[in-house]
Structure formats: structure tokens, C-alpha cells
2 protein chains.
Amino acid sequence: MHVMHFDCVVCNGTVLTMNPDFEIIEDGVVCWKNGRIERVEKRRREKGAYSARETVDAGGGLVMPGLINTHTHLPMSLFRGLADDMPLSEWLNGHIFPAEARYINACSICTGVRLSLLEMLLSGTTTCCDGYFLEDAAASAVMESGMRAVLGQGVIDLPAPGVPEPAGNVSAAGDFVSRWKNASDLITPSIFCHSPYTCSEKTLLQAKRAAAEAGVPFQIHVAETRGEYEQIRAATGESPVQFLDRLGVLDEKTIAAHAVWVDAEDIEILASRKVGISHNPESNMKLASGTAPVPDFLRAGIAVGLGTDGCASNNNQDMFAEMDSAAKLHKVAAADPTAASARQVLCMATIEGARVLGLQHRIGSIEVGKQADLIVLDTHQPHLTPMYHPESHLVYAARGADVRDVFIRGCRRVNNCIVTGMDAQQIMADAAALGRRIGERN
Amino acid sequence: MHVMHFDCVVCNGTVLTMNPDFEIIEDGVVCWKNGRIERVEKRRREKGAYSARETVDAGGGLVMPGLINTHTHLPMSLFRGLADDMPLSEWLNGHIFPAEARYINACSICTGVRLSLLEMLLSGTTTCCDGYFLEDAAASAVMESGMRAVLGQGVIDLPAPGVPEPAGNVSAAGDFVSRWKNASDLITPSIFCHSPYTCSEKTLLQAKRAAAEAGVPFQIHVAETRGEYEQIRAATGESPVQFLDRLGVLDEKTIAAHAVWVDAEDIEILASRKVGISHNPESNMKLASGTAPVPDFLRAGIAVGLGTDGCASNNNQDMFAEMDSAAKLHKVAAADPTAASARQVLCMATIEGARVLGLQHRIGSIEVGKQADLIVLDTHQPHLTPMYHPESHLVYAARGADVRDVFIRGCRRVNNCIVTGMDAQQIMADAAALGRRIGERN
């Protein structure tokens, strides 16, 4: 027998592969070397079948692909719970925008990003897609943490943190992409145009061109609110999706966040352009933006990922909670208990999320040849007992706190519910201190 | 200075009292003796101000009233995740009813109830309102655990566990109430009529009369689904609420679960009869039953509590998740981000839930004279940092796993995330073994 020497073997768990057959392997084994998965199978009983530097006992729990959060604004963890339960304009103009103007700088961004990364890692997210400003600071903090990320430098036709002069917004984003293009295979730089109502046609075109030339993802908020829909309709006679399509910025490298206010024609456009959609049910519910027609997206074959949105509008970044909300929201919205099944929602949080980010060949499932981004859940708990169907439990009963271990590219980033390589106490102390200052003025 | 000797003092926490002024006391102290709260105040600095047998350091966390789950079916934890994502009739007739017929007996009920109690205690619930069959077994298990509960023996005009002959259903319920009426001040027996479509007019009248004569709560599922609404409308020309009101079974001792399919006239009836409503947003979403008009209930002055419903339709009993879903569902349903505020939802889970159960003079808030039912949350975690508004964090960011300690009538039932006085390992092993048998046939 050929014995292979692995870096790590995870055993004694039920492996939810999320491969094309949705295979679930009881008493499964996942082995990797140099961050790449080399074997996924039912445990062989021969002595010495698995020789590895490290063996991780999953304790009879679940082993699954790391979760992929396709839309967030990492530094906004600093504003978690600062202002809730108020009309959108009061929330944005009275609280969030002033707090951003006053407190966001390269230093506070590092604190906010680190706080978000701690929260995400502890709840099983291994890849996130961020869009914000001063993205170099975010990228440095992400690099430190070992998280995998798509990071979008923000473009908006208003003065923004780090870009006081809007005229320089696209070139700032292009420069960011150049700096990070080949910095790490964990980081994919990107350009994030805020929205069709805060960026001019010229800005949208230039930003998309810069992203296309660099071959990186182009992120944009699209059709999030009724107000946005009506504004674009009044200005152009088109829906936000039609408007962006006319400009030519919709293609398979475009990540559209929200897509709530879309009709059948818009869905056809999004499908034919192969746009990926980031669905953010908890943010859309909390801000009363509306319900995105996700079952229609899925029927049209559109790649749909899940996102938490920033902490100011959710107010956490727990992808298990997001899965649960997605599955339940679409059932009640469609008056159909078969809508948004557990499996469909798990796909959104893993392999389809990877597709949205253009990373489906590297992550999103536990398959030979993919990166070893995976998590182990402790299922030996009252709220996960008994266990009939792992997919159902993951969506309807589990929560972020059930995540015990997290591996990204084969490196252990969470060990028995403790984040490794980050000083959680210091980060929380820094964030709390900043929060006290922010709270005084609010 | 008069020094009082307490049984226990909780200090070094922020106390969310949920009193009529919604007072939040930073660096607050809660003291009790013989299970009764004797003092709630800002910590006094004098030496010897608090003399107690036990001092609990809340570690800078939040101290709040124990959560009140106003609607559940405790033994159904055994069917958690057995069948999901299917049409209601297939779910009920193809899976849940057969599993109940085959596996529910006094012994399995004990296991299922204990499993639910473990889950509830660990996630901060100190009072639950149950409705099921073989309720004596449930009551014994609840007594053992130290949980506070309203327990309703089920009445249905079909053969049921423990009541094979429907003709005896009301007398069985009456006997249950007699046996438990004065057994413990933690237990309130009750009669639970399944619904207006599974109980005849005669059964409903007799059951309500038996409950009224004993002075105990009368529980009933009301207007849960469109199907029920149409069936009652076709048979009587009335809505389910109108029908029950004509029978005279609606009064301040009636707990109406769900109340999804109600109109303005129904709401007027419910308000004038002082019926308490148990709102179950996650169950209503998952089963695609619909969205109860909770903002209208609140405007009409109706007492609204929160419930998780049984684990077959949720699939957990985490009241923090339920609060989050309630707040978000009503915002998106009403297209109004101010609907179902964090404070309103916290009221539903505490003092208003107590009102629904008729226990508002004893529990639901941290006030002198009330029972010491309270919980301590560990807020020193990334997803609860920074902290601007405790009410917002509890609804939008916290989760059951953040509960560190639980006290019921002054007794500690959870100590640093471990349930005291119950053998969690054995209960999970029993439930898992039963689950394996149930799963084989499903």
C-alpha cells in the first residue's frame, strides 16, 4: 500500500462535502498537504492508512466547508448597535455617516476589521468579501489574520475616508488593486462602486474598466431599496439593473449586492450576464428594504451567495444565523414551505458563494484539489440532538457558537473556540475604547 | 445602617430591569432571599452594604429577567430536523403524526422534555408554556429540573398519546389540572385545546369550562394557517376568532398561539376579551403559515409574548434567535424599520410574556417583590463589542450561547454554561438513541 504523508488529517466526524453529489460521509476523513486537500473518504481501517504531522479528532461532530460571506463592510463592526429601529435616512444621515466622517481612519479601520475577523472566524467564516474605504489598512489586518478575502476599495462620488477628493476615487481603487494583485493567494483585490445612485455614469464606467483591465471582481450595491429604484427610474426611465446593463458593467466578474427591487426582466438580464448576487436577508429585513426574489434567481440559474452586510445593519456577522433567516424568510414570503431548502441555503453559504466570488475552483466544497478551508462543529449539544439530517441541523438549529475549529488553506485559525494568532482581548479592548468615544457623541 | 442578609447578591453587571421605566442600571446589584428579589439598585460602596451567603460576579456582563417562552411542545425535541422543507400536509401526515403515534409514550416524553429543558435553560429561558399529551410525565420532568412552567394537557377529538378514547379527553385534562394545581408554585397546570378545527364546539366549551372552574389558563392554537381559516369560515361563516368568541372561550385566561389569520375585527375581539397572544415568528416563517399582525396587536394593547413552538417546526428553542427574527420579520413585512423595536421585542420575551401567562405579578422583570428568575450574559465577546445599547445587543446580536448563568426562584440552574442538577450527557445519549430508532423508520 502506498502511504502518503499528509500535513493534517481530520477524522471522527461526519463530512459534509458540498461536492456536486452533496455527498455526506459518516466517519469520514479529510487529509491535506500544503494547504491542498488530497483525500476525502470514508475512514480506512488499515493500520497506517493516514500518516500525518497532525491529526484532528472531530469528536463525532460535523466537518464542512468554511462559510463564505459574500458581502460585508468589515470596519462597521465599530458601529454595531449604535443606531437601530429608526427610519433609513435618520439612521444613515443622523448616525452612520457622521460617525464614519468623525471616527474612520486607517487606525480605527484596523481595529474594526480585526474585530470583524475575530467574530467571523469564531463563527466559521473562512472567506469574506468586503467593500469599504482605506482598504489597504483592511488588507493588512486581513493578511495578519490568515482569513481569505475579496477586498474592494470603495468608489463613491462624495468625499470618503482616505479619498477626500472624489475625482481621485477610481485611480485610488486602481492603485489599491495593483498593490494587492499578487500579494497573497488569500487576497483578491477588487473595486467596489458604492451604488448606481452615488456614482455617476462616468465613474461607473471608469471603475468597471479598471477592474476589468486588472481582471478583478467589480462589486456594487444594486436595487437595495425602493428609494434607489425610484430615483434611477426617474432619472433614466430604467430600473437599476437595466441602467447598469446599458452601461455595460454587468458581467460574470460583477458581484451585485442585495438585488431586492428587480423584476422578471431584470432577472433575465442578471442571468444572461452571469452576474453573481450577494443576498443579505437579515440586513434587508432589519432596514425594511424588502425581500429579494431568491427563488426566482435560483430558477434562473443565477449564482446566489449569502452576505451579512456590515454590522451596523444586522447586527452580527454570524453566517449560521444568516442561513436560518434566508431559509425562513423565503418560505413565508412565498407562502411555500419548500422554498429555499436547507440544501439550497447551504449552497449559498458555501459553493455558490464561491461561484459569486469567482473562487469556485479553489473553495466552497471539500474536494480533492481544493484548498483546505473547512470547519468542525461540536454537535454534541442539546440543541443539535438528535441528529437526523446534517443539512437541516446546520441551517435550522446550529449557530456560530457551535464552531469548534477553523482551518484556512490548511492552517488552524480557531482551535477549540479560541482564535489563534490574534490577540482577542486586546482587539476587544481597543474596540470598546473606540466605542466609548463614538458613543459619547451619539 | 441596617444590614440585610441575603441569600444571594449578583453584582458587577449592567442590570436590565424591564421595569415600567425600562431602567438599566450600570454597575447594578440584585439581591434576593428565599427566592424573592429584595433589592435592585446601583451598587453602594459602603463596606458591608451587601451581606449574603453567595455573591455572583457578573463579570461586567448583562443581568436581565429570565426569558419566557409562551408556546412550545417540549417532547417534540425528539423530532428536531426529522422532516423539513416539505408541504405542511406531507410534513404532518407523512412524518410528524406517524412518529408521534409510534414513539410517544410516558418514557420517551420524559426524554424529550428533559432535552428541551436542557436546551432552554442553557439559552436563558426560565419559564415555558407547554401544550402536549401525557402531561403528567412532562410535569415530573419539569419539577426535577427546577424550570418554571405552565403545562397544558392536550385535548383533541382524535386518539392521542395517553388518551386513546377522545371522549375522555376533557376529563383527562381536568384530572391533570387537579393533580398539579397545588403541587409546586413553579408549575401552573393548564388545559390545551389543540385548535378550533380538531376540537368540536362541545369539546371546546367543556374544556374551557373545566379550565375556568379550576382557575387555570386555557391554551389553544388559533388562526395559524390559511387552511384553518378557510375551513372554519366554510363551516361557520365566521373567522376562527369570531367562532371561538361566539362560544365564549376567549377571555383573559385564554392564551392564543399564532393568531396569524386575523383581521381588524378579530383584533378588536382579542383586545376586548383581553386574550394573550403567543407569537411564534420562526415557526410561522418555516411552515410558511404567514405573518401575524403583531404591530397591530401592540397598537390595540393586546399582551403579546414570544414562543418558539415545538422543535419540529423551528428547529430550536433559542429565544434570542426568536427575538431577532421577530424584530426583523415585522420590519420587512411592514416596510418600516421602526416596527417591532428592540424594546418591544424584549418586552414580548419577558414582561409581556408573563402577562400572557397571567404571571406578570411574579416574573418578567427584575423588581423588588418579584421572583428571582434572572440570567447573566457574558458580553465580553467579539460579536457583542462595542456595546452602545444593551436592548439592541440582546435582540440583534446576542444568542443563547451567550448565557452564562441562570437563576430560577433564586436557585442557580446554569452555572458558567453548565446545567446543574441534570445529567446532560445521559439525557443527550437517551435522546440520540431514541432518535436512531425514529430515524430508521423515516
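A crossing of two helices is right-handed if the near helix is turned clockwise from the far one by less than a right angle, and left-handed if the turn is anticlockwise. The legends below describe close-up views of a predicted model.

**Figure 1. Crossing of helices H2 and H3 in chain B.** Helix H2 (residues 106-122) of chain B passes helix H3 (residues 135-145) of chain B in a right-handed crossing. The two axes come within 8 Å and cross at roughly 40°. From H2(B), the residues in contact are B:Ala106, B:Ile109, B:Cys110, B:Val113, B:Arg114 and B:Leu117. These meet B:Ala137, B:Ala138, B:Ala141, B:Val142 and B:Ser145 in H3(B). By class, nine residues of this contact are nonpolar, one is polar and one is charged.

**Figure 2. Contact between chain B and chain A.** Chain B contributes 56 residues to the contact, and chain A contributes 56 residues. On the side of chain B that touches chain A, two or more residues come from each of H2, helix H9 (281-286), helix H11 (319-334), helix H14 (390-396) and helix H15 (424-440) of chain B. H15(B) gives the most, with seven residues. The residues on this side of chain B comprise 28 nonpolar, 17 polar and eleven charged.

**Figure 3. Rotation axis relating the two chains.** A turn of 180° with a shift of 0.0 Å along the axis lays chain B on chain A with an RMSD of 0.0 Å. This is the relation of a two-fold axis. Among the residues of chain B, B:Ala401 comes closest to the rotation axis, its C-alpha lying at 3.3 Å. The same surface serves both copies, as 100% of the contact residues of chain B recur in chain A.

**Figure 4. Domain 1 and domain 2 of chain A.** The domain assignment of chain A gives domain 1 as 5-65 + 371-419 and domain 2 as 67-356. The centres of the two domains, taken over C-alpha atoms, are separated by 29 Å. In the contact between them, 22 residues of domain 1 of chain A meet 23 residues of domain 2 of chain A. Helix H14 (390-396), strand S15 (403-408) and strand S16 (411-415) of chain A each supply at least two residues of the domain 1 side. H14(A) gives the most to that side, with five residues. By class, the domain 1 side has 15 nonpolar, two polar and five charged residues.

**Figure 5. Open sheet of eight strands in chain A, with two helices packed on the sheet.** The strands pair in the parallel sense, in the order S6-S7-S8-S9-S10-S11-S12-S13. Strand S6 (67-72) and strand S13 (304-306) of chain A stand at the edges, each with a single partner strand, so one side of each is left without a neighbour in the sheet. Neighbouring strands are turned by 25° against each other on average, direction ignored. Within the sheet, strand S7 (residues 125-132) and strand S8 (residues 148-155) of chain A pair over six bridges. The bridge partner of A:Thr127 in S8(A) is A:Arg148. Helix H5 (residues 201-214) of chain A lies across S8, strand S9 (187-193) and strand S10 (218-222) of chain A, and runs at about 165° to S9(A). Helix H12 (residues 342-349) of chain A touches S6, strand S12 (276-279) and S13 of chain A, its direction making about 80° with that of S13(A).

**Figure 6. Strand pairing and helix packing in the sheet of chain B.** Chain B holds an open sheet of eight strands with parallel pairing, ordered S6-S7-S8-S9-S10-S11-S12-S13. The twist averages 25° from one strand to the next. Strand S7 (residues 125-132) and strand S8 (residues 148-155) of chain B run parallel and are joined by six bridges. B:Tyr132 stands opposite B:Gln153 in S8(B). H11(B) packs on the sheet and touches S6, S7, strand S12 (276-279) and S13 of chain B; the direction of H11(B) makes about 130° with that of S13(B).

**Figure 7. Backbone geometry in loops of chains A and B.** Most residues other than glycine have a negative phi, and most peptide bonds are trans. The peptide bond from A:Asn314 to A:Asn315 is cis, with omega near 15°. A:Asn315 lies in the loop between S13 and helix H11 (319-334) of chain A. In chain B, the peptide bond from B:Asn314 to B:Asn315 is cis, with omega near 10°. B:Asn315 lies in the loop between strand S13 (304-306) and H11 of chain B. A:Ala340, placed in the loop between H11 and H12 of chain A, has a positive phi, near 45°.

Key
Residues numbered from 1 in each chain as written. Chains lettered and ligands numbered in written order. Predicted model: local features only at pLDDT ≥ 70, side-chain atom pairs only at ≥ 80, totals over all residues. Axes fitted to C-alpha atoms, helices over the stretch in contact; angles between N-to-C directions. Helix = DSSP H or I, 4+ residues; strand = E, 2+ residues; numbered from the N terminus. Contact = placed C-beta atoms within 7 Å. Nonpolar A, V, L, I, M, F, W, Y, C, P; charged D, E, K, R; others polar. Domains from an automatic or database assignment. Pairing = 2+ DSSP bridges. Least-squares fit on C-alpha atoms with pLDDT ≥ 70 in both.
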